[in-house]
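Please open the model in your viewer, with side chains available for display. The stops below proceed by selection, each followed by an account of what is found there.

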Amino acid sequence: APVTMVVYEDFECPFCKRFEEGAVSQIVSNYVDSGQVKIVWKDRPLTQLHPWAKPGAVAMECVYREGGNNVFWNLKDEVFSNQNQLSTSNAQSQIKSWAAEEGVSESAIQNCIDSGDAMSEVEADSMEGQELGASGTPTSFVNGQKLVGAQPYSQFESVIEEELNN
């Protein structure tokens, strides 16, 4: 894809939920599905504000590793849709349950969580985001151009169009 959009998000962040349900869904249908834009997800759990964001991010990293890209994107939408029902005590078990419905072994995800590799990846993503100035979530970079917050689709559309016409 000629345009790469890197997004730093937090699964527990209400602004990320709004961003996902609004701008991202439109970007996917208008640009990703046609191959013009590639979206790269990066974890940026804001642990001081969102207690289950990091364990949720670790579980979702394991979903990606064990189930692949499509399962990750399906479950990402599920997590945001059910954000208010998730907590520190149930986020990982609920994510494993949803993954099982997608054909991914719960024990494989648990083994991945237990290994610590996914935690290292989440922490590396978060540190990278912090170094790039993604202090809040969501923060997106469209071919390097920074957009902060749950911006409306029109903001992304104009940057994407500008990049596609360069």
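Begin by selecting R65 and E61, whose side chains meet in a salt bridge with an N to O distance of 2.9 Å. The coordinates belong to a predicted model. Both residues lie in helix α2, and because they are four residues apart there, about one helical turn separates them. An α-helix has 3.6 residues a turn, so residues three or four places apart point the same way. The two partners differ in burial class: R65 counts as partly exposed at 37% relative accessibility, whereas E61 is buried, with a relative accessible area of 11%.

**Helix α2**

Extend the selection to residues 53–67, the whole of helix α2. Its 15 residues reach 20 Å from the first C-alpha to the last, close to the 21 Å expected at 1.5 Å a residue. Which residues of α2 are buried? They are A53, G56, A57, V58, A59, M60, E61, C62 and V63. To see what covers these buried residues, display β2 (37–43), α3 (69–81), α4, α5 (106–115) and α6 (117–131), which are included in that cover. Just after α2, select G68, where phi is positive at about 90 degrees.

**The disulfide and the remaining cysteines**

Remain in α2 and select C62 together with C112. A disulfide joins the two, with an S to S distance of 2.2 Å. C62 lies in helix α2 and C112 in helix α5, so the bond ties together parts that are 50 residues apart in sequence. The torsion about the S-S bond is about -80 degrees, and the disulfide is therefore left-handed. Neither end is exposed: C62 counts as buried at 0% relative accessibility, and C112 is buried with a relative accessible area of 7%.

Next select C13 and C16. Why is there no bond between the sulfur of C13 and the closest cysteine sulfur? The closest one belongs to C16 and is 3.2 Å away, too far for a bond, since a disulfide requires sulfur atoms within 2.5 Å. Both residues are buried, C13 with a relative accessible area of 2% and C16 with 0%. By this rule, the count for the model comes to one disulfide.

**Further salt bridges**

The structure holds six salt bridges. For another of them, select E21 and K17, whose side chains meet at 3.3 Å, N to O. Because these residues are four apart in helix α1 (residues 14–32), about one helical turn lies between them. E21 counts as partly exposed, at 46% relative accessibility.

Now select E128 and K42, which form a salt bridge with their closest N and O atoms 3.2 Å apart. This pair links distant parts of the chain, E128 being in helix α6 and K42 in strand β2, 86 residues apart. E128 counts as partly exposed at 30% relative accessibility, while K42 counts as buried at 17%. Then display E20, K76 and D77, which are linked in a network of salt bridges.

**K96 in helix α4**

Select K96, found in helix α4 (residues 91–101). How far away is the nearest side chain of opposite charge? That side chain, E106, is 5.3 Å away, and K96 is buried yet has no salt bridge; the cut-off for one is 4 Å. The side chain of K96 does make a polar contact with the side chain of Q110, at 2.3 Å. Leaving aside residues up to four places away in sequence, K96 touches E106, I109 and Q110.

**V104 and the loop after α4**

Move along to V104, in the loop between α4 and α5. V104 is buried, with a relative accessible area of 8%. Its C-alpha atom is separated by 5.7 Å from that of G67, although the two residues are 37 apart along the chain. Not counting residues up to four places away in sequence, V104 touches E66, G67, V71, A99 and I109.

**Backbone features to finish**

Most residues other than glycine have a negative phi, and most peptide bonds are trans. With that in mind, select T137 and P138, which are joined by a cis peptide bond with omega about -5 degrees. P138 lies in the loop between α6 and β3 (139–142).

The last selection is N143, in the loop between β3 and β4 (145–148). Phi of N143 is near 45 degrees, a positive value in a residue other than glycine. N143 counts as partly exposed, at 35% relative accessibility.

Conventions:
Residues numbered from 1 in each chain as written. Predicted model: local features only at pLDDT ≥ 70, side-chain atom pairs only at ≥ 80, totals over all residues. Heavy atoms only, no water. Helix = DSSP H or I, 4+ residues; strand = E, 2+ residues; numbered from the N terminus. Buried < 20%, exposed > 50% of the residue type's maximum accessible area, 1.4 Å probe, protein only. Lys, Arg positive; Asp, Glu negative; His and termini not counted. Polar contact = N/O pair within 3.5 Å; in protein donor to acceptor, adjacent residues only side chain to side chain. Contact = heavy atoms within 4.5 Å. Expected span 1.5 Å × (residues − 1).
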